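Me: I am new to this structure and would like a close look at one part of it, the sheet. Please go through how its strands are put together.

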Amino acid sequence: VTGIGSSTVDVPSIGESHTWTANQIYNDDVKLLMGTGSDSQIYYDGNDLILNTSAVGSGNLSIVGGSLELDDNEAVIMGTGEDATLLYDGTDVILNVAAVGSGDFYVAGGRIEVDDSEGVAFGTGKDATISYDGTDLVISPAAVGSGDVVISGGSLELDDSESLTLG
């Protein structure tokens with residue numbers, strides 16, 4: 001294609017492979033479309049970078065041969081109303097299933113494993129803990145402050161060969 005003056009611009013043919021040697025700039029809301037039917041889109045809406053893998057039909061985002069890396073304090077946000085978040089704050093991994101409203105955390109088809117001498121803490125101030133020290137299961141209702149172990153709506157049963165030590 002010949003432009004104004006003596007400039008000439010080569011326009012690649014459809015179906016050819018192309019190598020870009022300069023940045024490509026897309027204005028806000030201009031979409032990079034992929035797939036025969038423009039099935040997926042990448043664009044910037046002025047606030048967020050949008051990767052829409054199901055613009056037409058359905059689809060998933062697959063990362064093959066690498067990892068998805070997030071900086072500290074960057075979260076994975078789930079739900080159309082940002083209902084749940086998964087965040088690493090530089091020290092702890094925080095799963096907030098009730099980021100908006102309320103919610104529960106479920107483990108389906110597996111289990112949560114906790115290493116020896118590690119535990120599960122309960123309460124805002126980590127008031128009570130359950131841990132396994134390599135020999136004994138330790139239930140500490142008064143890890144911080146005071147408290148009791150309360151069995152509600154059931155009973156405590158011991159096998160014939162087991163004993164209960166109080167005191």
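**The sheet, strand by strand**

Reply: β1 and β2 form a hairpin, with five residues between the two strands. In that turn, G35 has a positive phi of about 100°. The model is a predicted one, and the description here follows its strands in turn.

Strand β1 covers residues 32-34 and strand β2 covers residues 40-44. The two run antiparallel and are joined by three bridges. Two pairs of residues show how they line up. L32 of the hairpin stands opposite I42 in β2, and M34 has S40, also in β2, as its bridge partner.

Next comes the other pairing of β2. Its partner here is strand β3, residues 49-52, and the pairing is antiparallel over four bridges. Within this pair, Y43 stands opposite I50 in β3. β2 and β3 also form a hairpin, this one with four residues between the strands. The turn contains G46, which has a positive phi of about 100°.

Strands of a sheet pair through backbone hydrogen bonds, either parallel or antiparallel. In this part of the model, the result is an open sheet of three strands in the order β1-β2-β3, with antiparallel pairing. β1 and β3 are the edge strands, each pairing on one side only. Neighbouring strands of the sheet are turned by 10° against each other on average, with direction ignored.

Note on methods: Residues numbered from 1 in each chain as written. Predicted model: local features only at pLDDT ≥ 70, side-chain atom pairs only at ≥ 80, totals over all residues. Heavy atoms only, no water. Pairing = 2+ DSSP bridges. Axes fitted to C-alpha atoms, helices over the stretch in contact; angles between N-to-C directions.
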